[in-house]
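Q: Please take a close look at one buried histidine and the helix packing around it, then place that site within the rest of the predicted model.

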Amino acid sequence: MANRIFASPSPHIHGGESTRRIMCDVVLALLPALAVSTYILGLRVLLITAVSVASCVVFEYLINRFFLKRSSTIGDLSAVVTGVLLAFNLPVGIPWWIVVIGALVAIGIGKMTFGGLGCNPFNPALTGRIFLLIAYPVQMTDWTTGVPDALSGSTLLADVKYNTSLLSEVDFLQMFGGHMNGSMGEIGALALILGGLYLLWRKVITWHIPVTILGTMAIFAACVGATKGGALVWELPLFHILAGGALLGAIYMATDYSTSPMTHKGMIIYGVGIGLITMIIRLWGAYPEGMSFAIFIMNAATPLINKYCRPKRLGTK
């Protein structure tokens, strides 16, 4: 009898990585930023993060159990990462029940509606944040923490948007260390960078998306600063990289495997698009922050980028 060759479905080569290991690395990378945020804003940071994570995990379990009728996927820890990132995009004083609603939208609509991890076209945490920003704009832009001696009032990003002269009063070292208003995960620039370096070392992410986003933002801001003269040529780029969700978005959210391009060329195009849209919204849009909307828009463009940035087939010129 002739020998038969059977071809099994891909993948045919398995590496040491697993979804759970990658998600563990992301959580570990976010711990320094969580610590800085807790130190500056108080213990309520841990409460909001715990509510967000628990809600995401519970909703994913319930949807799998009762709606999709399949085994639980909470063991891969992707729901935990979504919960942490969602919390990092929220003000610390937000009511806990709004966090639960955001988690339901992030998991139920942003993730499980499309089939779960790996099938979602949009970043789930950003889906939850954008929904909350539209549905609860007052609570989502209330930076009053209720913590004694903590930061309150409007963000630096909002202040400088409407009065560029305030840049001369900005202490960039304090911004770098976390002394500025914003969402819980936005205020620790140094901690976010350290976490990003850890992810690069662990090869969870590559440099292409973060560097391209931040580089595009810096070049754009420098060009705008040059038209106004003075020290704005270097102050404006540095400010826009440190302020708001630039570092959080560029390092931890735009690099999501499911929603970002597969090739390095595609990643660079994707990063340039996010950087440009972010700066256009920040400088001339209705909102002082544009990172979330920029990533969301470029998530939608990812399939098109992948189509035109395919790697060459083996043997073709």
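**H240 and its surroundings**

A: Apart from neighbours within four places in sequence, H240 contacts L157, M217, A221, A246, M279, R282 and L283. The residue sits in helix α11, which covers residues 232-242. Its relative accessibility is 5%, and because buried means under 20%, H240 counts as buried. The model is a predicted one, so the confidence of each region matters to the reading; where pLDDT is low, the predicted coordinates should not be read in detail.

One of the contacts of H240 is L157. Helix α7 spans residues 156-162 and has the lowest mean pLDDT among the elements of the protein, 81. At the other end of that ranking is helix α4, residues 96-109, with a mean of 97.

Two other partners of H240, M217 and A221, belong to the packing of helix α10 against α11. Helix α10 runs over residues 208-228, and its axis lies 7 Å from that of α11, at an angle of about 145°. The crossing of α10 and α11 is right-handed. On the α10 side the contact is made by L214, M217, A218, A221, A222, V224, G225, A226 and K228. On the α11 side it is made by L232, V233, L236, P237, H240 and I241. By type, the residues of this contact divide into 12 nonpolar, 2 polar and 1 charged.

The loop that precedes α10 holds a backbone feature. K203 lies in the loop between α9 (189-201) and α10, and its phi is near 60°, a positive value in a residue other than glycine. Most residues other than glycine have a negative phi. K203 has 70% relative accessibility and therefore counts as exposed. L77, in the loop between α2 and α3, also has a positive phi, near 70°. L77 is buried, with a relative accessible area of 18%.

Beyond α11, the partners of H240 include A246, M279, R282 and L283. Helix α12 covers 246-253 and helix α13 covers 264-284, and the loop between them contains D256. Not counting residues up to four places away in sequence, D256 touches N120 and N123. D256 and V204 are 52 residues apart in sequence, with their C-alpha atoms 9.9 Å apart in space.

Two further helix pairs can be set beside α10 and α11. Helix α3 (residues 78-88) and helix α5 (residues 124-135) have axes that come within 8 Å and cross at roughly 35°. Their crossing is right-handed. T82, L85 and L86 of α3 meet P124, A125, G128 and R129 of α5. That contact divides into 4 nonpolar, 2 polar and 1 charged.

The other pair is helix α1 (residues 19-41) and helix α2 (residues 44-67), whose axes come within 8 Å and cross at roughly 130°. The two helices are therefore oblique to each other. L34, S37, T38 and L41 of α1 form the contact with V45, L46 and T49 of α2. The residues here divide into 4 nonpolar, 3 polar and no charged.

T141 offers another link across the sequence. T141 is found in the loop between α6 (137-140) and α7, and at 43% relative accessibility it counts as partly exposed. T141 and P91 are 50 residues apart in sequence, while the C-alpha to C-alpha distance is 7.2 Å.

As for the whole chain, the protein has 14 helices and 0 strands. Of its 317 residues, 51% count as buried, and H240 is one that counts as buried. Among contacts with a separation of 6 or more, 74% are accounted for by residues 24 or more positions apart.

Confidence sets the limits of this account. The protein averages a pLDDT of 88, and 90% of the residues score at least 70. Over residues 9-13, pLDDT stays under 50, and the model has 0 contacts for that stretch beyond four places in sequence. Over residues 146-150, pLDDT also stays under 50, with 3 contacts beyond four places in sequence.

Technical notes: Residues numbered from 1 in each chain as written. Predicted model: local features only at pLDDT ≥ 70, side-chain atom pairs only at ≥ 80, totals over all residues. Heavy atoms only, no water. pLDDT = per-residue confidence, 0-100. Helix = DSSP H or I, 4+ residues; strand = E, 2+ residues; numbered from the N terminus. Contact = heavy atoms within 4.5 Å. Axes fitted to C-alpha atoms, helices over the stretch in contact; angles between N-to-C directions. Left-handed = near helix turned anticlockwise from the far one by under 90°. Nonpolar A, V, L, I, M, F, W, Y, C, P; charged D, E, K, R; others polar. Parallel < 35°, antiparallel > 145°, perpendicular 65-115°, else oblique. Buried < 20%, exposed > 50% of the residue type's maximum accessible area, 1.4 Å probe, protein only.
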